[in-house]
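Student: I'm new to this one and would like a close look at a single part. Could you show it to me before we start?

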Amino acid sequence: MTTTIHTPPITVDPDSYTFLAHICCPNGDDIYERSSNRAYLDLCRTLRLNGVDMTAHRIAVTNMLREQIISLLASSVDQVSYDTWHKDTCGEIVEYFSSLDIGFTYGHAQKWVNMTMKYLYILDEANFSDVFDFLHIPIDSLIIDLATSELSVSKPKFAWSKIPDYDTYFSYQTKLRDSIKDISPMRWEMKAWIKG
């Protein structure tokens, strides 16, 4: 069980925050679109697009994520319900791309969902205080290496972008969660990623 250590918020002047938020997730007033688009950029270089124009597909997934996240935030959430929501959301994204020949995996889906949630938190989505402790760590090569060296979590059998099914993903995510002490998993990830 992870114990959350709450730290007091840091106050930043509005112009500084706006600048930093724009650097993190540029363009537009829609916080969900900004977060999802930036998350897509974190995973897209591992896709084999084979000439597929992703513009309409990215918009469709962004719209789906917006609806799913708004619904999540409107409900009472605990770790079990968040994990169930996460599995269903990743499955919906994988299913959406199943007819396209771009090699879209559960590794890509988890990265899209988890980075979108991370960016929404960073952009100060008001309702995230209730779900932050339940967020999953976005798994990528850097985090896998850091988890191996800092947490002694064995590397997964697959590269993050090749994770073929949700059970393989969730097994690794659970090992990360169980190995992190004193802070929430996403808080560990943000601190570790900067060091990486």
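Which residues have the most contacts inside the largest nonpolar core?

Tutor: A word on the ground rules before the core. This is a predicted model, where local features need pLDDT of at least 70 and side-chain atom pairs count only at pLDDT 80 or more, while totals for chains, interfaces and linings use all residues. Residues are numbered from 1 along each chain as its sequence is written, and side-chain values use heavy atoms, with hydrogens and water left out. As for pLDDT, that's the predictor's confidence in each residue, from 0 to 100; the protein averages 86, and 84% of the residues score at least 70.

Now your question. Inside the largest nonpolar core, which has 54 residues, the ones with the most contacts are Ile-69, Ile-93, Phe-104, Trp-112, Met-117 and Trp-188. A nonpolar core here is a set of buried Ala, Val, Leu, Ile, Met, Phe, Trp, Tyr and Cys residues joined through side-chain atoms within 4.5 Å, and buried means under 20% relative accessible area (1.4 Å probe, protein chains only). Several helices (DSSP runs of H or I, at least four residues, numbered from the N terminus) each supply at least two residues, among them helix 2, helix 6 and helix 8. Helix 5 gives this core its largest share, eight residues.

Let's take Trp-188. Leaving aside neighbours within four places in sequence, Trp-188 is in contact (heavy atoms within 4.5 Å) with residues including Ile-143, Leu-146, Ala-147 and Leu-151. Those four are also among the buried residues of helix 6, along with Ile-144. The buried set covers an arc of only 165 degrees around the axis (taken from the directions from the helix axis to the C-beta atoms), so they sit on the same side of helix 6. Helix 7 and helix 8 are among what covers them.

Over in helix 5, which spans residues 106-122, you'll find Gln-110. Gln-110 counts as buried because its relative accessibility is 0%. A polar atom of the Gln-110 side chain lies 3.1 Å from the backbone oxygen of Gly-107. Further along the sequence, its partners in contact include Ile-137, Trp-160 and Tyr-169.

Last stop: the loop between helix 5 and helix 6, home to Phe-128. Phe-128 is buried too, with a relative accessible area of 1%. Beyond four places in sequence, Phe-128 touches Ile-69 and Met-117, among others, and both of those are on the list of core residues with the most contacts.

Technical notes
Buried means under 20% relative accessible area, exposed over 50%, partly exposed in between (1.4 Å probe, protein chains only). A polar contact is a pair of N or O atoms within 3.5 Å; within protein, one must be able to donate a hydrogen and the other to accept it, and residues adjacent in sequence count only if both atoms are side-chain atoms.
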